[in-house]
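User: Could you take me through one part of this model in detail, starting with the overall setting and then working inwards? I'd like every cut-off spelled out as you go.

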Amino acid sequence: MPVDDRLRSLRFRQEREESWKRLEALLKKAERGSTRGLSDEDMVAIPALYRAALSSLSVARSTSLDAALIEYLEALCARAYFFVYGARSTLLQRVGGFFTRDWPLAVQGLWRETLASGLLMLAGVFVAYFLVMHDPDWFSSFISSDMAQGRTPAATTEALRDALYTKVDERAHLSFFATYLFTHNAGVSLFSFALGFAFCVPSALLILYNGLSLGALSAVFISHGLGFQFYGWILIHGVTELFAITLSGAAGIRLGWSIAFPGALSRVAAATRAGRQGGVIMIGVIIMLMFAGLLEGFGRQLISSDIVRYAIAGATATMWGLYFYLPRRASRG
């Protein structure tokens with residue numbers, strides 16, 4: 001490098017080096033521990049020092065100063081960029097933020113779609129119930145023989161009662177049963193969301209079909225005088241499971257509606273926004289289904305008291321209602 005260029009580079013460094021060193025010292029302090037070690041004055045100073053370092057880097061590049069100085073400034077600016085604009089929360093803070101804010105707010109934002117999804121399921125319940133009560137041959141149209149497992153209109157009252165109260169003692173069998181139920185319900189929920197891109201129709205049909213299945217089974221047990229016992233058997237896990245499936249349908253409906261009616265946004269932008277919100281909800285849905293699978297695979301099989309079953313159902317309904325719909329503040333920024 002010519003002598004003039006060396007002198008120019010030295011002068012440039014001497015004029016600005018103090019602010020670079022201060023920025024580097026503050027970044028080292030933050031990187032060693034956390035931002036708690038920085039004062040309010042330091043936190044305000046870092047963005048200003050970062051902008052000054054960016055300006056120095058721009059001048060150094062445009063005037064072709066020595067490569068070592070440019071390399072140093074590039075590294076310093078990159079570190080400062082991640083501090084100023086990057087996420088500084090820990091994994092624990094992110095997980096906590098998901099459960100305390102992100103998931104409930106996403107569910108609250110889909111209250112209309114959740115209501116529509118729930119009404120679709122209820123419509124399926126009532127339609128199948130009245131059809132099977134009027135003509136039992138409709139039962140096989142809604143529920144396969146594998147799913148029914150003998151709980152058909154032709155079953156005796158004693159056989160249906162045994163299905164509600166027979167305890168299964170083998171823990172390995174219970175574990176397998178819980179895993180199977182979780183896998184099945186997770187598949188239904190994921191399809192309800194993912195197929196929403198087809199203008200909501202597949203999502204709506206899956207939710208409706210889920211209601212038809214429940215309505216058909218309801219007709220069988222009610223016709224044998226076991227309605228109260230059947231709903232205790234169902235709701236111990238069904239409050240959580242059915243709500244999770246309803247939420248997945250709601251996310252699918254929002255996705256399809258955003259594509260069909262994007263408003264001021266492009267269809268891609270509208271679908272992306274709806275997909276992000278739905279993705280947050282679906283993470284939570286999987287957690288709900290794991291919980292429902294445990295209740296169904298263990299609690300329902302080991303608890304034979306109708307009162308206890310209804311008490312658990314009521315407790316879970318209250319828990320989810322308060323958790324999702326208590327007012328919360330959206331995160332800033």
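Analyst: **One helix and its surroundings**

In the protein chain, 41% of the 333 residues count as buried, where buried means under 20% relative accessible area, exposed means over 50% and partly exposed lies in between (1.4 Å probe, protein chains only). Happily, the conventions are brief. This is a predicted model, in which local features need pLDDT of at least 70 and side-chain atom pairs count only at pLDDT 80 or more, while totals for chains, interfaces and linings use all residues. Residues are numbered from 1 along each chain as its sequence is written, and side-chain values use heavy atoms, with hydrogens and water left out.

The protein chain comes to 13 helices and 0 strands; these are DSSP runs numbered from the N terminus, with helices being H or I of at least four residues and strands E of at least two. Of the contacts in the chain with a separation of 6 or more, 79% join residues 24 or more positions apart, a contact being heavy atoms within 4.5 Å.

Now to the part itself, helix 10. This helix spans residues 201-223, and its 23 residues reach 33 Å from first C-alpha to last, close to the 33 Å expected; that expected span is 1.5 Å times one less than the number of residues. Both flanks offer something for a backbone enthusiast. In the loop between helix 9 and helix 10 sits cysteine 200, with a phi near 75 degrees, a positive value in a residue other than glycine. Most residues other than glycine have a negative phi. Cysteine 200 counts as buried because its relative accessibility is 12%. Just after helix 10, glycine 225 also takes a positive phi, of about 75 degrees.

Next, the packing. A nonpolar core here is a set of buried Ala, Val, Leu, Ile, Met, Phe, Trp, Tyr and Cys residues joined through side-chain atoms within 4.5 Å. The largest such core has 26 residues, and those touching the most other members are Phe139, Phe142, Ile143, Ala216, Phe221 and Phe230. At least two residues of this core come from each of helix 5 (111-134), helix 6 (139-142), helix 8, helix 10 and helix 11 (227-260). Helix 10 gives the most, with 8 residues. For one of the well-connected members, phenylalanine 221, the contacts beyond neighbours within four places in sequence are Arg151, Leu160, Leu164, Leu226, Gly227 and Phe230. Another core, of 24 residues, lies apart from this one and includes Val107, Ala186, Phe193 and Ala244.

Finally, a polar residue on the preceding helix. Serine 192 belongs to helix 9 (residues 171-194), and counts as buried because its relative accessibility is 0%. Its side chain reaches the backbone oxygen of valine 188 at 2.8 Å. That is a polar contact: a pair of N or O atoms within 3.5 Å, where within protein one must be able to donate a hydrogen and the other to accept it, and residues adjacent in sequence count only if both atoms are side-chain atoms. Setting aside neighbours within four places in sequence, serine 192 is in contact with Ser203, Leu206, Ile207, Ser248, Gly249 and Gly252.
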